[in-house]
Amino acid sequence: MQKEIDMLDVQKIREDFPILKREVNGKPLVYFDNAATSQTPQVVIDAIVDYYSNYNANIHRGVHTLSQEATDAYEIARKKVQNHFNAEHAHEIILTSGTTHSINIVATGFTNLLTKGDEIIVSALEHHSNIVPWQMLCERTGAVLKVIPMNVEGELVMDVYDQLLSEKTKLVFTNHISNALGTINPIEEIIQKAHNVGAAVLIDGAQSCPHIKPDVQDLDVDFYVASAHKLCGPTGVGLLYGKSAWLNKLPPYQGGGEMIDQVTFEKTTYAGLPHKFEAGTPNICGGIAFGVALDYMNSIGFDNIAEYENELLDYGTKKLLEIEGLRIYGTSKHKTSVISFNIDNIHPYDIGSIVDKLGVAVRTGHHCAQPIMDFYKIPGTIRASFSFYNTKEEIDILVASVKKAKMMLS
Ligand SMILES: *Cc1c(COP(=O)(O)O)cnc(C)c1O
């Protein structure tokens, strides 16, 4: 046990995050809302300051030095993203504003590829951003949405998935890890079975990327999406990976500058990948900082991160369950460091407010996953999500705060 903590020197890592030194309501901040957004290390903050201090310029069109420096840095960042996700080509990495944007590019792009009666399968564990775009796609095309149900542990019922698949299935969408429960879904199996019936697969990696380094070629996945802000990067930037064959088949999502080849009023031809999907001035600084964030996380090592976070998960689960009346939602053996819970019939919001007074940041509510809350017949949960810069001492503070809230509210 002690060994892993030595491999990942958490006290040293905490020095990298200036925000972890601040106080909230007179108490040291305990930040357990990592599943909503991660905190930002100094190297990433420095990269942002460096960009705006030294080479802020628009990219891809300038002959002047600053524009060339910015273009080079942005394209180096794309390469870093390519290497991290192990895409075959850099042009298969579309830099977007985040997971939601990436999903919408694909969902809109499929409009002309589907016809009435085609089927799209999604999982019951989805984030709203991975439900609504598909419902809109179904409305446009007459395709039918099918749902892989979940069981009480918060796992997908794979037998039903087998039954849902048929030659009518054109697309399958699921997250790799549920943001509400932390369940790790069996995406290898999901992808392979979808391919057996000729369907394309999009994996939402927003919640898994902070914990697991994906290999898109190994997974043989058609589309993969994620956001930088859950990976120690800034908000407003993320990626859409797509196999070139798919990205070439999909139409552009937005018209504008940067995505064209030739424009006349009679006809416009589109630029090649990745620019076809990158209309307008992108989040240049954000993209560069995303690359730096990936370097930072890789320098710590995803194996170390996963091992350490599992320790935090085990410790937090054990300690929280010692509180009488506390129930954890999402009890799969395959889960990551997210603990969603309620105590008796106390409203999650009331507990969240009291623990905030004690300096502890947790999320309360439906976590953009109302269907999961409906399944458990609850309005929401309290969610504590741990990152590699959190400690067991912080979990002790969470547990003490929750106990205090429970006493005040029952
Ligand atoms: C956070 C999250 C999203 C949405 O990401 P944005 O950055 O808000 O676009 C989608 N899916 C999952 C699983 C998430 O955790």
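What volume does the largest cavity have? In this predicted model, the largest cavity has a volume of about 100 Å³. A count of cavities of 30 Å³ or more gives 1. The lining of the largest cavity is made up of 17 residues, and N34, P210, H211, K230 and S387 are the ones closest to its centre. Sorted by class, this lining comprises 8 nonpolar, 7 polar and 2 charged residues. Both domain 1 (2-37 + 302-409) and domain 2 (46-298) contribute residues to the lining, so the largest cavity lies between them.

We can turn next to the ligand. Its surroundings consist of T99, T100, H127, S129, N179, D204, A206, Q207, S227, H229 and K230. In terms of class, this shell holds 8 polar residues and 2 charged ones, along with 1 nonpolar residue. K230 is worth a second look: this residue is part of the shell around the ligand, and it is also listed among the residues closest to the centre of the largest cavity.

Several side chains meet the ligand through polar atoms. On the oxygen side, a polar side-chain atom of T100 sits 2.6 Å from an oxygen atom of the ligand, and an N or O atom in the side chain of Q207 is 2.6 Å from a ligand oxygen atom. For nitrogen, the partner is D204, with a polar side-chain atom 2.5 Å from a nitrogen atom of the ligand. As for cover, the ligand taken alone exposes 380 Å², of which the protein buries 86%.

How values were computed. Residues are numbered from 1 along each chain as its sequence is written. This is a predicted model: local features need pLDDT of at least 70, side-chain atom pairs count only at pLDDT 80 or more; totals for chains, interfaces and linings use all residues. Side-chain values use heavy atoms; hydrogens and water are left out. A residue is near a molecule or strand if one of its heavy atoms lies within 4 Å of it. A polar contact is a pair of N or O atoms within 3.5 Å; within protein, one must be able to donate a hydrogen and the other to accept it, and residues adjacent in sequence count only if both atoms are side-chain atoms. Accessible areas come from the Shrake-Rupley method with a 1.4 Å probe; for residues, only the protein chains shown count as cover. Ala, Val, Leu, Ile, Met, Phe, Trp, Tyr, Cys and Pro count as nonpolar, Asp, Glu, Lys and Arg as charged, and the others, Gly among them, as polar. On a 1 Å grid over the protein atoms alone, a cavity is a set of points where a 1.4 Å probe fits but cannot get out, and a pocket is an open set with protein on both sides within 12 Å along at least five of seven lines; lining residues have an atom within 4 Å of a point. Grid points are joined across faces, edges and corners, and a volume is the space filled by probe spheres set on the points. Domain bounds come from an automatic or database domain assignment.
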